[in-house]
Amino acid sequence: MQNVAFSRPLRAYTVGLLTFIYTANYVDRQIVAILLPAIKQDMNLTDTQLGLLSGLAFALFYATLGIPIAYLADRYSRKKIIITALTLFSIMTYCCGLAQNYVQLLLARIGVGIGEAGTSPPSHAIISDMYAPNERAAPLAIFALGINIGLFVAFLGGGYVAQHYGWQMAFKLVAIPGLVLALIAIFTMRDPPRGMSDQTDAATQDKSTAPSLREVALYMWRTRSIRQMTMATTLIITVGYGAIAWLPSLLYRVHGMNQVDIGLVLAVIIGLGGGLGTAVGGAVADRLGKRDVRWNLWLIMLVSLATTPFSLFAYTNSSSFWTLILLIPPVTVGALYFGPTLAMLHTLVRPDMRSSASAITLFINNIIGLGLGPLSIGILSDALEPRFGGMALPYAMCATALIGIWACYHMFIAARHLPDDIAATQQAAGPQAQVTR
């Protein structure tokens, strides 16, 4: 039975607040993409250096530190961890605006990654603790809107500020909302009891009984659907982060667009279109998943297969108009995977494993996807440039887009095992943890 203190309005407010915090997270993380052309020109950098700045340098610390932070979040106050992390990455984003050379900017970006490591896993766990297993995809998809809202703000505001006031000022301005949100969270955020929505005994969900990271990792590895789902999402994220990091540079170099126009069109396509796709995708996944739980993963697989050709034609098209039109389908569903896969992950693990399970998944996703996605495109672009000139970057982006087809294979295998793995989880948890299907 749900805790009466967490009424529907309070749950909605908590999801909304966490979504805005995730938005600040994504603005501070991804604004560097729209600023790359200006940073490249100002500091005379190679594409490999830009790929390191927007990918691996950030991801290495973001992904690695997420695990010990989540370990603490499964034992101590998730609210305090989120507020501390939010304050830290906002301050470090401001420091990016103070950087005078590449090394200083790289170190500041590492600081942003360290701070952002502490917000997502605890947020995932809080949302899952407030909603029943068959209701989670929709609120988690709403939370995922932070990706698209963040990209909207980063591209639109970052492009305008960078062109008129410089890229340093763009970093400084986007750091301010995070500090305001930290103050709001201090006075208004509430942390639900662990396992509240699963009808487990909250008294048993304390720091003395929470499983170790090794136990959580082994549990995830031995659960076939989790193992395959993690492989699939990692590949999807590699494609997505690579595209987001380099699309502004593609439009700047190949199509001659300025930063304001690039920011505007990407804000509309990725921010608004992607946000609509993410929200609708979560609702559709919840609806179809009640008929057959495998639809949570089938839906992702089908849209990935259908949209990959659009990406290939968009990157290589010589027309600015058609490039932008062809980008609409893939970016609209780019974050659709988030809500359904996270809902399935939290259905397949115990309540006292959720923060740690999210962190382990994010570690794998981000160390490869965020770390190597943008970097691999930068390296490949530099390697292809002597032969293909201005088309080196488009061809490099096409190479990573094809990885999406590989992801579909693992998603298909994960869906095949999903019903049996959920049944095994329910049997181990007892009769109170049954999932409506």
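These points cover one helix, the internal spaces and one loop residue of a predicted model.

1. **Helix α1, extent.** Helix α1 runs over residues 8-43. It has 36 residues. From its first C-alpha to its last, α1 reaches 51 Å. That is close to the 52 Å expected at 1.5 Å a residue.

2. **Helix α1, bend and end.** There is a kink in α1 at L35, of about 60 degrees. The proline P37 follows shortly after L35. Just after α1 comes N44, with a positive phi of about 55 degrees.

3. **Helix α1, cover.** Most of α1 is covered. Of its 36 residues, 27 are buried.

4. **R29.** Is R29 in α1 buried or exposed? R29 has a relative accessible area of 1%. The cut-off for buried is under 20%, so R29 counts as buried. Which residues does R29 contact, leaving aside neighbours within four places in sequence? They are Y22, F58, Y62, R109, E116, Y241 and L370. Y22 belongs to the span of α1, residues 8-43. The list also holds a second arginine, R109, and a glutamate, E116.

5. **Cavities, overview.** The model has five cavities of 30 Å³ or more. The largest holds about 550 Å³ of space. The second largest has a volume of about 260 Å³.

6. **Largest cavity, lining.** A set of 30 residues lines the largest cavity. Nearest its centre lie I236, V239, G240, P330 and G334. Two or more lining residues come from each of α6 (137-165), α9, α11 (295-316) and α12 (320-332). Which element gives the largest share? It is α9, with eight residues.

7. **Largest cavity, character.** How do the residues of this lining divide? There are 22 nonpolar and eight polar residues. The lining of the largest cavity has no charged residue.

8. **Second largest cavity.** Here the lining has 21 residues. Y337, F338, T361, L362 and N365 lie nearest the centre. Helices α1, α9, α13 (338-348) and α14 each supply at least two lining residues. By class, the lining divides into 12 nonpolar, eight polar and one charged. Helix α9 thus appears in the lining of the second largest cavity as well as in that of the largest.

9. **Second largest pocket.** This pocket holds about 190 Å³ of space. At least two lining residues come from each of α8 (213-222), α9 (224-253) and α14 (354-388). Again α9 is prominent in the count: it gives the most, with six residues. Among the lining residues are A217, M220 and W221. I226, R227, T230, M231, T234 and L235 are also in the lining. I360, I364 and I368 line the pocket too. The classes are nine nonpolar, two polar and one charged.

10. **V333.** Where is V333 found? It sits in the loop between α12 and α13. Not counting residues up to four places away in sequence, V333 touches V303 and T307. V333 and I270 are 63 residues apart along the chain. Their C-alpha atoms are separated by 9.4 Å.

Technical notes. Residues numbered from 1 in each chain as written. Predicted model: local features only at pLDDT ≥ 70, side-chain atom pairs only at ≥ 80, totals over all residues. Heavy atoms only, no water. Helix = DSSP H or I, 4+ residues; strand = E, 2+ residues; numbered from the N terminus. Buried < 20%, exposed > 50% of the residue type's maximum accessible area, 1.4 Å probe, protein only. Contact = heavy atoms within 4.5 Å. Expected span 1.5 Å × (residues − 1). Bend = angle between axes of the 7 residues up to and from the residue. 1 Å grid on protein atoms, 1.4 Å probe; cavity = no way out; pocket = protein on both sides within 12 Å on 5 of 7 lines; lining within 4 Å. Points joined across faces, edges and corners; volume = space filled by probe spheres on them. Nonpolar A, V, L, I, M, F, W, Y, C, P; charged D, E, K, R; others polar.
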